[in-house]
Amino acid sequence: MTLAKPAFPAPDHDHGRCTADALAHAEAVCGERAQKFTPIRRHVLGALLSSHRPLGAYEVIDELAKSMSRPAPITVYRALDFLMANGLVHRIESRNAYLACAAHDHDAISAVTFLICERCGLVGEIPSASFAKDLNVAARSSGFAPKLSVVEITGVCAHCQKAA
């Protein structure tokens, strides 16, 4: 299997373009679903897009406080809930943190697979459609109705391996 795009961004990638594309995608998703992409939701997503590392809710608040008045935690949690419900943000359970969605083509019953670098903290997202299909078939055969599955794999990314 070859990936259409690398799981981890190159260290010298155009991060401004990366962020702009993700925000445009979020606007399109919200428009298609008749959902409001409010300024606070945009700011929260922007904070998560500030790097390719997962951020905890209070780290999001700290990031937002750099450019606006410090939002209340409940405001940020509500925005995160909205962004997760619309597939724009994922929660990294093992880190109790959130990550802007890098793969825009999975649905509500797909398996999302995260590659978490133990050295630099970056998180890559890879497609896992065949894996998801096998898991969903196994779950359904036992009478279970699966929803989104998340798999977290820790290790060392290619960039860190080259730097070592």
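Here are four short exercises with worked solutions on a predicted model.

**Exercise 1. Work out how the strands of the open sheet are arranged, and which ones sit at its edges.**

Start with the order. Three strands make up this open sheet, and they line up as 4-3-5. The pairing is mixed.

Next, look for strands that pair on one side only. Those are strand 4 (123–126) and strand 5 (149–155), so they are the edge strands by that test.

Now zoom in on one pair. Strand 3 (residues 111–117) and strand 5 run parallel, with seven bridges joining them. For a landmark, find Thr113: across from it in strand 5 stands Val151.

Finally, check the twist, which averages 25° from one strand to the next.

**Exercise 2. Check the length of helix 5 (residues 129–141), then sort its residues into a buried and an exposed side.**

Length goes first. Helix 5 has 13 residues, and at 1.5 Å a residue it should span 18 Å. Its end C-alpha atoms are 18 Å apart, so the two values agree.

Then pick out the buried residues: Ala132, Asn136 and Ala139. Seen down the helix axis, the buried residues of helix 5 fall within an arc of 65°, so they line one face. That fits a general pattern: an α-helix has 3.6 residues a turn, so residues three or four places apart point the same way.

What covers them? Strand 3 is part of the cover over the buried residues of helix 5.

Turn to the face pointing away from the buried side, and you'll meet the exposed residues Ser130, Lys133, Asp134, Val137 and Ser141. Just after helix 5, Gly143 takes a positive phi of about 85°.

**Exercise 3. Find the largest nonpolar core and say which elements supply it.**

The largest nonpolar core has 25 residues. Val44, Leu45, Leu48, Val60, Leu80 and Leu83 have the most contacts inside it.

Now trace the suppliers. Helix 1 (15–32), helix 2 (39–48), helix 3 (57–65), helix 4 and strand 2 (97–100) each give at least two residues to this core.

Take Leu48 as a sample: leaving out residues up to four places away in sequence, its contacts are Leu55, Val60, Leu80, Val89, Tyr98, Leu99 and Ala100.

Another core, of seven residues, lies apart from the largest one; Ala7, Leu122, Cys157 and Cys160 are among its members.

**Exercise 4. Decide whether Thr75 is buried, partly exposed or exposed.**

Place Thr75 first: it belongs to helix 4 (residues 73–85). Its relative accessibility is 31%, so Thr75 counts as partly exposed.

Technical notes:
Residues numbered from 1 in each chain as written. Predicted model: local features only at pLDDT ≥ 70, side-chain atom pairs only at ≥ 80, totals over all residues. Heavy atoms only, no water. Pairing = 2+ DSSP bridges. Helix = DSSP H or I, 4+ residues; strand = E, 2+ residues; numbered from the N terminus. Axes fitted to C-alpha atoms, helices over the stretch in contact; angles between N-to-C directions. Buried < 20%, exposed > 50% of the residue type's maximum accessible area, 1.4 Å probe, protein only. Core = buried A, V, L, I, M, F, W, Y, C linked by side-chain atoms within 4.5 Å. Contact = heavy atoms within 4.5 Å. Expected span 1.5 Å × (residues − 1). Arc of directions from axis to C-beta.
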